[in-house]
Structures are given as structure tokens and as C-alpha cells.
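Q: Hi! I'm new to this, so could you walk me through a structure with me asking as we go?
A: Happy to, let's put it on the screen.

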Amino acid sequence: MSFDADVVVVGGGLAGISAAITATREGLSVIVLERGDYSGSKNVAGGRMYIHALKDLVDISDAPLERKVEREIYEVYCGNGRKISFSYEDKNRVDSYTVLRAKFDQWFAKKAEEEGVLFSYSTLVSNARREKGGITLETNRGEVRAPLVIEADGVTAGISRYLGLRNLKPSMLMLGVKEVIGTAWDEGVARTIIGFEGLKGGGFVYSNRDTLSIGLTVKVDSLQGSEVKAQDIVEKFREMIGIEGPILEYSAHLIPYYGYANLPQLNAENLIVTGDAAGFLINDGFTIRGMDLAIESGKVAGKAAKLIKDENYADTSIYVKMLEESFVMRDMKKAWKSFSLLGEKRIFSDYPKVLCEVLGDMFLVNGERRTLREELMEKIKEENLNLTQMVLDLVRFIG
Amino acid sequence: MVDLIKRLSLNKYTVDKESHIQVNTQICKTCKDKPCVKVCPAGTYEPDEKDGLIVHYERCLECGAALVACPYGALKFRFPYGGISYRYG
């Protein structure tokens, strides 16, 4: 049977473009199917990229990055007008930048086109089936066949679903809702905010050149039974943190929240899975990252594609072996303990509350002074928390 | 608070002629808690006494939550051919 290319990449985002560039450099023929009119048009991302993986792949001197992140701010809202915050500043760091993906992905796709990658835009894959040594993709522009498909179609993983390899579960997904606000700050800031309406999740603010990206990420299963509707949360959040300015865009997207131990199937016959589709996201309490994992997994997929072709497409497991040796899986694995801990209610609700109560009393002078130990023990008891559990959690968190 | 419809009107859409979301309203008529209404950030699903549920598919932000929003299997979602074009993303 005849194939349209050595490799068809489904999805022209970070993972797909990285895979396509790499596979092309390896001498394979590659087609990228992108459902949007341009790369990035269907994309929503919080807004910060750690650029190490990108830098290794392409020249980034003309990349449309927004601002270099120089300040990290953490804020815990504990209700009744109380808030804990701390910040870390380093004017010399150059590891991460805020980014707006509609602009960024178009630039990245252009880089790929300059290297000979073929893109088919406005091409929606509506089904996939296995057929005679390859996969046939049904699209609105006709069928496309390839002996190897690199799935880079994002968190909803259409190809894996069509092939019966994946069932999406609310417990493994977060919903991100976001607004771009027409207000400019004069430094690169990443704000992480915890404590909103008792929902499992957190908020963010990233400063771009001329705008702010603000939003919330919330576990889907926590929304299903919640009092507050997803359609209202970002506006309530914006009021809580006091950010004003014209709204320029309102957006939403699912976020994979699997963690190392729950990762979905990463390969099958004629198929390898990258980026959000593969569930690559890390939250270790300090960094929340998916974009560098998408780029790197795409690069690994592009290299693996060559080896898979050389073996006549017989076996795709080399991709997973190569991933295990890359920082993608190494970092996923290292983050697993804290990742799983950060899903527990006591972390984003009970502990911050105790911390707030204790700090509240320690900063208060009213003639009834107590020691920090007395305060701590009393509040832990009041909240029915278990001290042993707290110590265990701390140990788990530090890794 | 800026109203949802005002916020959605800031976005750029190419609305398909046909809805990309199919609903089995027989199930919706018996559904009291309507988790889809809570989960959808675009207010796509509106509870309706007569029909169970009305779908405003033109509001869809294509986040994908509809794929997991309904535990009762009443929603069938695919991505639209046109739909939203994010300018910031």
C-alpha cells in the first residue's frame, strides 16, 4: 500500500513542530496536520516557557518571547483579607520567558517550514484506523496514510482515543481558564497564587511585553461538584488579586495532570505519543512546566522515527526507551512524590490555613503573647491535622 | 465582574453551520446536578425545563472539557472545522 509520507505528525504545536523539524533533519519525509488556520490558533498556555529544550533545537535570536522572568512571587490567600506572600528575584537568570503561544507557534512553524517541513493547515483528523502496516487518518481534506504517526494533538489525544488506546478521565485533567489583560508591567514576573474558593488548583499571573496573562487551573473533578461555575472563576479570581485593565481575550484549555506513575500509553504499533497528548506535565511546587517537555519529547520522537523506519517500522518501543534516558522522564520521575502530594486537599487548603492562623497570632501584639511552638500546636489541633502526617508530607515534598 | 457573553464577544470565531456537539437530551431531562453546566468555561450548556439542555455550540472555547464533563454519557463532542482562532493564546 502507498503512504503519503514516512511520518505524519498530528498537531502543529510545540511537540509536533519539534518532532517534524527533527525527523526532517534525520532525512525522513514529514507532513504535519494542524486543525487550526495557523499554528497556535487553537492553543492556550498559561504563559511561561523554560527555554533550554527550544534553544538546543533552533536559533532563538528572533523568537517572539515576551519577557524574561526575573521575579517569582508566591501568594497564599487564606480568606478574610489575609494573605501570605514571598518572592524571589534574580536579575541575571535567563532560563524562562513569558510567552503568548498564538504568536510564538506561528514563528516556530515558520522555522520548520524553512527547513522543509510540509504543513497542512485547517486539517481536522476525525478518525484513525490501523490498516496494512500503517495508520489511516480520516480528515476533512481526505485520507492520509503513514507507516508512523507522531501524535502531538494535545491533551485530548484524539488519535489514541480513535484507536481505542485512551479513555480520558476527569481525575487526570485540569481545566485552565485565562484572560489576557491590556495592562503592562515593566518587569518579567511569574506570580503563583494558592487558595481560591476551596477548589483544587491554583492561579497565575505572567507579565508579557504589553499585556498580562492571568488565569486559574482547577481539577475537572473538583469543578463537577462545585458551587462556583467554571465560566465565572477567572473574573472572581481577577477581582481577588486586584488586577485591572481591559480584557483582550478569554480562553480555556484542558491540562494533562497524570504524573509519572499514571502516564498513559506512550507508544503502540505505528504510533508514538508526545507532549500534552502523552500527559507530560510537571508540578513540583516550584515549577509548573509542560512546554519544554513537549519540545523535548518531540525531538526524541523525531530521532526515534528514523530508527523505527530503519527497522521497517516493526517496533516503536525504542521511542519510550529514548524518552526514559531524556530529561522528560527523568524529571517526571523526580517530581512524582511532590506531584502526587500537591493533589491532596490538606496541601492547598488545610496547611495554608494553619500557616495563616499562626502567622496572624505571631504578628499580633495584644498582651497575650505565646511562643511559636504553643501557637503551632494549638492551630494544628484546631484543624484536626496530624503532626506525623505533616512531617511525612514534608519529607515527601523535599524528595 | 465582566459578563461571560461580553468576554466571549472579544474572541474571534468562525462558526460552523452544524453543531460539533451532540446531546442526548433524554438523559439530560433526568439529570438534576448538570455537571456540564459547572465545568464548561464558555457557558455552552444551558439547563432547560422543556428540552433538558440547550447547547450554544457557537460559544465553545474548544478546551475539551466536554469530553469528560458528563458522567452520564449524554455529550458527544468533536472539535469543529472552524471554531475559535486565538490571537494571543
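Q: What is the strand order in the open sheet of 3 strands in chain A?
A: This is a predicted model, and in it the order is β8-β9-β10, with antiparallel pairing.

Q: Which strands stand at the edges?
A: Those are β8 (125-131) and β10 (142-146) of chain A. Each has a single partner strand, so one side of each is left without a neighbour in the sheet.

Q: And how many bridges join β9 to β10 in chain A?
A: There are 5 bridges between β9 (residues 134-139) and β10(A). In one of these strands, β10(A), A:Gly142 is the bridge partner of A:Thr139.

Q: OK, helices now. At what angle do the axes of α1 and α7 of chain A cross?
A: Roughly 30 degrees, and the axes come within 7 Å. Here α1(A) covers residues 14-25 and α7(A) covers residues 291-310.

Q: Is that crossing left-handed or right-handed?
A: The crossing of α1(A) and α7(A) is right-handed.

Q: Which residues meet there?
A: Among them are A:Leu14, A:Ile17 and A:Ile21 in α1(A), and A:Met291, A:Ile295 and A:Lys299 in α7(A). By class, this contact has 11 nonpolar, 6 polar and 3 charged residues.

Q: Switching again: how many residues of chain B are in contact with chain A?
A: 30 residues of chain B, and they contact 41 residues of chain A.

Q: Which helix of chain B gives the largest share of that side?
A: α3(B) does, with 4 residues. The side of chain B that touches chain A divides into 20 nonpolar, 5 polar and 5 charged residues.

Note on methods
Residues are numbered from 1 along each chain as its sequence is written. Chains are lettered from A and ligands numbered from 1 in the order in which they are written. This is a predicted model: local features need pLDDT of at least 70, side-chain atom pairs count only at pLDDT 80 or more; totals for chains, interfaces and linings use all residues. Axes are lines fitted to C-alpha atoms, for helices over the stretch in contact, and angles run from 0 to 180 degrees between N-to-C directions. Helices (H or I, at least four residues) and strands (E, at least two) are DSSP runs, numbered from the N terminus. A crossing is left-handed if the near helix is turned anticlockwise from the far one by less than a right angle, and right-handed if clockwise. Two residues are in contact if their C-beta atoms, placed from the backbone, lie within 7 Å. Ala, Val, Leu, Ile, Met, Phe, Trp, Tyr, Cys and Pro count as nonpolar, Asp, Glu, Lys and Arg as charged, and the others, Gly among them, as polar. Two strands pair if DSSP finds at least two bridges between them.
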